[in-house]
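Trainee: I'd like to learn how to read a model like this one. Can we go through it feature by feature?

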Amino acid sequence: MIDFSLTDEQKALQELARDFAQNEIVPVATELDRAGQFPRDLLKKAHKLGLLNLTIEDAYGGGGLGWLDSCIVGEEFAAACAGFTTAANANELALTPLHLAASEDQKKKFIPPIAKDGGFAAFCVTEPSAGSDVVGMRTRALKSGNEYILNGTKHFITNGDVADLLTVFALTDPEKKHRGMSLFAVPADLPGITRRHMGEKMGHRASDTAEIVFEDVHVPAANLIGKEGDSFRVAMETFDRTRIGIGALGVGVARASLEAAVKFMKERQQFGQPIANFQGPQFMLADMAIKIETARTYVYYAAWQVDRKMPYSYATAIAKAYGSDVAMQVATDAVQLLGGYGYYAEYKVEKYMRDAKLLQIYEGTNQIQRVVIARALLKD
Ligand SMILES: Cc1cc2nc3c(=O)[nH]c(=O)nc-3n(C[C@H](O)[C@H](O)[C@H](O)COP(=O)(O)OP(=O)(O)OC[C@H]3O[C@@H](n4cnc5c(N)ncnc54)[C@H](O)[C@@H]3O)c2cc1C
């Protein structure tokens, strides 16, 4: 039996997230974007309502929910402000590797201060010379007695400047390449860590993005997560899950773009009538709706596969690439439908267009998603 309906719990969660998004995020979204301001208080409020860290086990303060639930909330948040949503989702991205690979004691120690007490965490993989090519990283963790000495630079790290906890990927044995990569839970206040806000971004300006430099940082060996040399797998398994969230953000941004276009087309008069009367713009609207409906359905389908622990890497890559491509196309069309007004901040669609762009880039560019999809197709 196929059942496309949400459960009563999911409908309630959607309503809670929608209320919060429309009543709390929307009124401040333009200002957060303009000022490039991290929405600390608003995130704390979302945390109090149980709208953050949804997929993290409830035993450690998370929501104990599934990825479909997380996608439902992500769409609502992103329809209000994608930058807020990126900041909100960064915790889940950073905690998922702990959820996957940490011991019981490590989970008890590192997850509750974030998931239960409302702290912030950041996921640290990307480096100046290692983006898509994660294994090209230069950050090293050298074992010394009962510590590891961490040296290197991470950049483009969401919440990097505000995080209490960093989940850091580093090479413990560079010769072994991806089999020499290890994961550490690193308190952000350890001596030797410097953080720098990375300047003006095109979009998602409410989220913090930082460079983090590690200079002879002494990390207790007890903070090694999982086995030494086993963390490339953990990083990939993390992305396999979290990237559906980006597809859901795409659906949210695209939905907000469509709603803005519909409203404008009904109001804007040209040639003595609303532009909604013209078939050309109507067809554009219909195509936007087709893309959004199919993207949402596929995002839900991919999340459903993850929640059922089916093989899902292929589906989540499609959901991420398609959801974010749809966001870019629909937001661009919305700007076009608003004409010159679409080019101005007051009408919001230019923000949606700027925000949509990042969705095609982070958590694996859409070219890399296509590499994943093609590999699955060509596998013997
Ligand atoms: C605002 C923001 C927030 C971010 N947050 C985080 C975070 O929290 N944590 C974190 O670790 N990282 C984060 N990132 C990093 C992000 O995941 C990387 O930017 C992304 O993976 C791409 O890496 P890159 O920028 O180095 O581009 P590159 O890898 O240098 O790619 C440049 C271009 O080459 C293409 N390309 C590269 N290799 C291939 C290939 N094999 N086949 C086809 N095309 C290829 C890419 O698709 C892209 O078009 C963030 C980035 C941004 C901008």
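Trainee: By class, how many nonpolar, polar and charged residues does the shell around the ligand have?

Mentor: Keep in mind that this is a predicted model. To read a shell, sort its residues by class: here there are 8 nonpolar, 7 polar and 2 charged residues.

Trainee: Which residues of the 17 around the ligand come nearest?

Mentor: Phe 123, Thr 126, Ser 132, Phe 156 and Thr 365 do.

Trainee: And which elements each supply at least two residues of that shell?

Mentor: Strand E3 (147-158) and helix H11 (366-378). The largest share, 3 residues, comes from E3.

Trainee: Next, polar contacts. Which residue has an N or O atom in its side chain 2.6 Å from a nitrogen atom of the ligand?

Mentor: When you look at such pairs, take N and O atoms within 3.5 Å of each other. The residue you want is Thr 126, whose side chain places an N or O atom 2.6 Å from a ligand nitrogen. The backbone takes part in such pairs too: a polar backbone atom of Phe 123 sits 2.8 Å from a nitrogen atom of the ligand, and a backbone N or O atom of Val 125 is 3.0 Å from a ligand oxygen. As for cover, the ligand on its own has 970 Å² of accessible area, and the protein covers 65% of that.

Trainee: Let's stay with strand E3. Is Gly 152 buried or exposed?

Mentor: Read the relative accessible area against the cut-off: buried means under 20%. Gly 152, found in strand E3, has 19%, so it is buried. Now check what is close in space but not in sequence: Gly 152 and Glu 127 are 25 residues apart along the chain, yet their C-alpha atoms are 8.5 Å apart.

Trainee: Backbone angles now. What is phi of Asn 159 near?

Mentor: Look for positive phi in residues other than glycine. Asn 159 is such a case, with phi near 65 degrees. Asn 159 is in the loop between E3 and strand E4 (165-171), and it counts as buried because its relative accessibility is 0%.

Trainee: Where does Glu 363 lie?

Mentor: In the loop between helix H10 (349-359) and H11. Glu 363 isn't a glycine either, and its phi is positive, at about 55 degrees. With a relative accessible area of 16%, Glu 363 is buried.

Trainee: How about contacts within the protein? Which side chain does Ser 70 join in a polar contact of 3.3 Å?

Mentor: Start with where the residue sits, then look at its partner. Ser 70 is in helix H3 (residues 67-80) and is buried, at 11% relative accessible area. Its side chain makes that 3.3 Å polar contact with the side chain of Glu 92.

Trainee: And which residue's backbone nitrogen lies 3.2 Å from a polar side-chain atom of Thr 85?

Mentor: That's Ala 78. Thr 85 itself is found in helix H4 (residues 82-101) and, at 0% relative accessibility, counts as buried.

Trainee: Last stop, the surface. Which residues make the nonpolar surface patch of about 270 Å²?

Mentor: Tyr 301, Trp 304 and Met 310 make it. Trp 304 belongs to helix H8 (residues 279-307).

Trainee: Why does Trp 304 count as partly exposed?

Mentor: Because its relative accessibility is 35%. Partly exposed is the range between under 20% for buried and over 50% for exposed.

Technical notes. Residues are numbered from 1 along each chain as its sequence is written. This is a predicted model: local features need pLDDT of at least 70, side-chain atom pairs count only at pLDDT 80 or more; totals for chains, interfaces and linings use all residues. Side-chain values use heavy atoms; hydrogens and water are left out. Patches are made of residues with over 30% relative accessible area and no salt bridge: like charges are joined within 9 Å, nonpolar side chains (Val, Leu, Ile, Met, Phe, Trp, Tyr) within 5 Å. Accessible areas come from the Shrake-Rupley method with a 1.4 Å probe; for residues, only the protein chains shown count as cover. A salt bridge is a side-chain nitrogen of Lys or Arg within 4 Å of a carboxyl oxygen of Asp or Glu. Helices (H or I, at least four residues) and strands (E, at least two) are DSSP runs, numbered from the N terminus. Buried means under 20% relative accessible area, exposed over 50%, partly exposed in between (1.4 Å probe, protein chains only). A residue is near a molecule or strand if one of its heavy atoms lies within 4 Å of it. A polar contact is a pair of N or O atoms within 3.5 Å; within protein, one must be able to donate a hydrogen and the other to accept it, and residues adjacent in sequence count only if both atoms are side-chain atoms. Ala, Val, Leu, Ile, Met, Phe, Trp, Tyr, Cys and Pro count as nonpolar, Asp, Glu, Lys and Arg as charged, and the others, Gly among them, as polar.
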